[in-house]
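Let's take a walk through a protein together, starting with its empty spaces and ending with its overall build. Please have a look at the sequence and the model before reading on.

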Amino acid sequence: MSQSFSFIKLFVADHRKMSDFYCKVLGMQVQSFVVDGEGEDEHEESILGFGDDVGSEMGADMIIVQEYHRPAPAPGEVTTVFWVDDANAVAKAAVENGGSIAIPISDDHRFDTRTGYIKDPEGHRFQIMQRL
């Protein structure tokens with residue numbers, strides 16, 4: 001697999017309200033709902049798609065996320081998600097090129113992925129995912 005764009009994550013203060021907004025305005029549908037994480041990583045997600053024609057390999061076009069223990073980012077900020085061949089190599093390259101690790105790379109066996117969050121040199125966060 002080569003590296004590719006996967007989907008967008010929007011971190012919000014009220015994921016149910018925002019999911020309802022995107023469903024009503026754009027005709028998206030809630031594909032699934034997830035409560036996940038422990039401690040400071042605990043969060044809820046609404047996984048949205050356009051009917052049966054869902055855009056990404058993960059079954060989502062957009063994921064609306066509400067983190068319990070972190071404030072929502074400033075309006076206008078979205079998190080892009082990329083499939084990568086080697087999450088550790090991408091994280092290393094990010095740091096070597098002025099980025100930083102926002103959330104360390106770890107395995108998520110529920111989705112058979114290795115994932116983490118990186119900040120670019122200006123502080124914009126993005127997620128990388130590798131198939132296990």
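In this predicted model, the second largest pocket is lined by F11, E67, R70, P71, P73, E77, T79, A102, I103, K119, G123 and R125. Sort that lining by chemical character and you get five nonpolar, two polar and five charged residues. The volume of the second largest pocket is about 180 Å³.

How can we find such spaces at all? Rolling a probe the size of a water molecule over the atoms shows where empty space is left.

Now turn to the largest pocket, which holds about 600 Å³ of space. Its lining is made of 29 residues, and those closest to the centre of the pocket are D36, H43, D108, T115 and Q127. Many strands take part here: β1 (4–11), β2 (29–36), β3 (43–49), β4 (62–67), β6 (100–108), β7 (113–119) and β8 (125–131) each give two or more residues to the lining. Which of the elements gives the largest share of this lining? That is β6, with five residues. By character, the lining of the largest pocket divides into 13 nonpolar, seven polar and nine charged residues.

Next, let's look at the nonpolar interior. The largest nonpolar core brings together twelve residues: F7, F11, V34, I47, A60, I63, V65, V81, W83, I103, Y117 and M129. The elements that give two or more residues to this core are β1, β4 and β5 (79–83). Two of the core's members, F11 and I103, also appear in the lining of the second largest pocket.

V81 is a good member of the core to zoom in on. Leaving aside residues up to four places away in sequence, what does V81 touch? Its partners are S4, F5, S6, F7, K9, Q127 and M129. Among these, F7 and M129 belong to the core as well.

Finally, step back to see the whole protein. Its secondary structure comes to two helices and eight strands, and from the N terminus on the elements run β-α-β-β-β-β-α-β-β-β. The radius of gyration is 15 Å, close to the 14 Å that the globule rule gives for 132 residues, so the protein is as compact as a globular protein of that length. Along its principal axes, the C-alpha trace spans about 45 × 30 × 25 Å. Buried residues account for 38% of the 132 residues. Of the contacts with a separation of 6 or more, 54% are between residues 24 or more positions apart.

Definitions and conventions
Residues are numbered from 1 along each chain as its sequence is written. This is a predicted model: local features need pLDDT of at least 70, side-chain atom pairs count only at pLDDT 80 or more; totals for chains, interfaces and linings use all residues. Side-chain values use heavy atoms; hydrogens and water are left out. On a 1 Å grid over the protein atoms alone, a cavity is a set of points where a 1.4 Å probe fits but cannot get out, and a pocket is an open set with protein on both sides within 12 Å along at least five of seven lines; lining residues have an atom within 4 Å of a point. Grid points are joined across faces, edges and corners, and a volume is the space filled by probe spheres set on the points. Helices (H or I, at least four residues) and strands (E, at least two) are DSSP runs, numbered from the N terminus. Ala, Val, Leu, Ile, Met, Phe, Trp, Tyr, Cys and Pro count as nonpolar, Asp, Glu, Lys and Arg as charged, and the others, Gly among them, as polar. A nonpolar core is a set of buried Ala, Val, Leu, Ile, Met, Phe, Trp, Tyr and Cys residues joined through side-chain atoms within 4.5 Å. Buried means under 20% relative accessible area, exposed over 50%, partly exposed in between (1.4 Å probe, protein chains only). Contact means heavy atoms within 4.5 Å. The radius of gyration is taken over C-alpha atoms; the globule rule is 2.2 Å times the number of residues to the power 0.38.
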